[in-house]
There are 2 protein chains.
Amino acid sequence: MAVTVKDVARAAGVSQATAARVLGDYGYASEGARRRVESSARRLGYTPNHVARALVSRATETVGLVVGDIDNPFFAAVARGLSDVVERRGYTLLLANADEDPDRERRALRALRSKRVDGMVVVPAPRADPASFADGTPLVQLDRAVRGLAADAVMVHNAAGAASAVEHLLGLGHTRIGIVSDAPQISSSSERIAGYRRVLRAHGLLDESLVSIGGSSREEAHRAALGLLERPDRPTAVFTANNFMTHGVLLAARELRLRIPRDLALVGFDDLDWTMLVDPPLTVVSQPVTELGRVAGERLLARIDGETGPPRRVRLDTRLIVRGSCGAML
Amino acid sequence: MAVTVKDVARAAGVSQATAARVLGDYGYASEGARRRVESSARRLGYTPNHVARALVSRATETVGLVVGDIDNPFFAAVARGLSDVVERRGYTLLLANADEDPDRERRALRALRSKRVDGMVVVPAPRADPASFADGTPLVQLDRAVRGLAADAVMVHNAAGAASAVEHLLGLGHTRIGIVSDAPQISSSSERIAGYRRVLRAHGLLDESLVSIGGSSREEAHRAALGLLERPDRPTAVFTANNFMTHGVLLAARELRLRIPRDLALVGFDDLDWTMLVDPPLTVVSQPVTELGRVAGERLLARIDGETGPPRRVRLDTRLIVRGSCGAML
DNA sequence: CTGTTAGCGCGTTCAG
DNA sequence: CTGAACGCGCTAACAG
């Protein structure tokens, strides 16, 4: 079916080596040979076989991306940023969903490794096993870092971002501030929780009964939020550690007929398309998600290009965007 | 760096062929040999080399996905559904963004072909060139179909979906119903526009000045919506042909201080996470997006498995979900 | 059951 | 500048 270099060579009346040289654009070739080869390649519809090329060059020009779920807008934006950067260099993205499950993640990593990706960026699952990453291929972690894994990582300033949210709420006069987060086994979440705790503790306002920690899905966030908000002594403000948690709180607030911001102030982590479409528009800690993917891509390309040296950790800044979900400043 | 079958064979004291047989799990091997090979494979940390395997088996166990932009929730959900189906069969997803640009699409297709994907599902760009798809590898189109391209396609009943939206509006007493859509070169959009026109024409209410057709981005949709809604004789209801258009109309309505549904009724095509979070919750024509990806995956696998026969077109149903953006029934 | 021998398609010496 | 010859890592006959 597929036409090979050999076919083209025969048609052009040259050796396979010569044809390979002009098609692969390396080594010498006379003007005449080059023209003949190129024309018969076009005529026969030659398509280079990357898998054969990869076998000898030991480079697939492919990078792997392992995320929790591409259907989560955070991961989708990351994928976009990464894809933009690596595609410009001729790489293609191999995608795998791990669903925040270490086993699926291990399998995904094994598959990518078998396919001999030139490098990979991974958003590690909670309780990920550092050993499953250990092997020669360049790796950069994104959003979270696995304990005991010596590899590049690009993340945001999670603690500072969370702190900015809590301080904003404090400045508005709130004293009972809750948090809804997913598992602290996710390093970014644990850093956000830590930032939240640090600020409240400094103000003597930390109340552990207002800390609600649950699963990673919208549904679990919804349940967690209900648990926190149904109580008579519910918090007057809530900080959510990621977009799914924000979604869950919004749903719960609606069910309990809590008006935002009058009955409940809200600051979410991560900005999304729809945060300014809801009523009131949401005050959020925005993170440069696409940029996260781009920076991870650049880091990875640098490693693929042979950069050595100790693991590098890059932190990007978050930005508090004040909209309407906390009411007006006093 | 990488340990090969030959290395394992040597360590286990058997021939390379025998080691290959147990590692590849095909052909005969005695219990003893199998054990020795497996243990040395584990000890050496053997990872099968899929690129070598693919070279001889002529199957990469990889399928390509070409979408407009993975950052669009519609495409992300499609990717998820497709990924679920093909991963279960051991395939991995190779992802490419074409940004609704035929040139980028052509390049993406060429790259995927070079990488020798076993098949691909493509959401064709507007004005896509049928010729760029023509080649042996199994292909299924998703959401839209290219004119003159004889290939499987899985789509929704676009015209019927649009009609259900317009009829809903008509039933509520609206007589000036507008539409905001992206380019009709996208077959799904043109079918939605056609459905809209058909119903209104049947009622003698079609007014071409209420038809607003623009680009595919949120920004262009926003501008188009402003153009339609700023006029004194603006429509009392709008149907939007996809989620970006819905976003644009919502933004424009807010800027013009049009209250929904009192000043403007809205039905959107495509349901999203946030449609029930906005106020009022949006009435939409919901399409089974993840299912679209799954069905495309099954179609593709069938073709990869050797199914022959004429192109098959599959249409999935949409469903009108009535929420609050059109007000109450009279 | 096992080892030997060929390739898969392409990049890469190394003589001409 | 060009061709012959070899090897990347693995699957696939085919004799033993």
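A residue counts as near a strand when its C-beta atom, placed from the backbone, lies within 6 Å of it. Keep that cut-off in mind as we walk through this predicted model.

**Stop one: DNA strand C**

Select DNA strand C and the 27 residues around it; A:Thr4, A:Val5, B:Ser15, B:Ala17 and B:Ser30 come nearest. Now colour by element: helix 1 (5-12), helix 2 and helix 4 of chain A, together with helix 2 and helix 4 of chain B, give two or more residues each to this surface. Helix 4 of chain A has the largest share, with five residues. If you switch to colouring by class, you will find 16 nonpolar, nine polar and two charged residues near DNA strand C.

**Stop two: DNA strand D**

Next, pick DNA strand D. Among the 26 residues around it, A:Ser15, A:Ala17, A:Ser30, B:Thr4 and B:Val5 come nearest. Which helix gives the most to the surface near DNA strand D? That is helix 4 of chain B, with five residues. Others that supply at least two residues include helix 2 (16-24) of chain A and helix 1 (5-12) of chain B. By class, the surface near DNA strand D holds 16 nonpolar, eight polar and two charged residues.

**Stop three: where the chains meet**

Hide the DNA and show both protein chains. Here 38 residues of chain B are in contact with 38 residues of chain A. On the chain B side, look for helix 4, helix 5 (73-87), strand 2 (92-97), helix 6 (102-114) and helix 10 (243-255), which each give two or more residues. That side divides into 20 nonpolar, 10 polar and eight charged residues.

Zoom in on strand 2 of each chain: the two pair in the antiparallel sense over three bridges. A:Leu94 has B:Leu94 as its bridge partner.

**Stop four: the sheet of chain A**

Finally, select the open sheet of six strands in chain A, with the order 7-6-8-9-10-12 and mixed pairing. Strand 7 (211-214) and strand 12 (319-321) of chain A stand at the edges with a single partner strand each, so one side of each lacks a neighbour in the sheet. On average, neighbouring strands are turned by 15° against each other, direction ignored.

Within the sheet, strand 9 (residues 265-269) and strand 10 (residues 283-286) of chain A run parallel, joined by three bridges; A:Phe269 is partnered there by A:Val285.

Add helix 9 (residues 218-229) of chain A, which packs on the sheet and touches strand 6 (177-182) and strand 7 of chain A, its direction making about 155° with that of strand 7. Then add helix 10 (residues 243-255) of chain A, lying across strand 6, strand 8 (237-240) and strand 9 of chain A, at about 125° to strand 6.

How values were computed: Residues are numbered from 1 along each chain as its sequence is written. Chains are lettered from A and ligands numbered from 1 in the order in which they are written. This is a predicted model: local features need pLDDT of at least 70, side-chain atom pairs count only at pLDDT 80 or more; totals for chains, interfaces and linings use all residues. Helices (H or I, at least four residues) and strands (E, at least two) are DSSP runs, numbered from the N terminus. Ala, Val, Leu, Ile, Met, Phe, Trp, Tyr, Cys and Pro count as nonpolar, Asp, Glu, Lys and Arg as charged, and the others, Gly among them, as polar. Two residues are in contact if their C-beta atoms, placed from the backbone, lie within 7 Å. Two strands pair if DSSP finds at least two bridges between them. Axes are lines fitted to C-alpha atoms, for helices over the stretch in contact, and angles run from 0 to 180 degrees between N-to-C directions.
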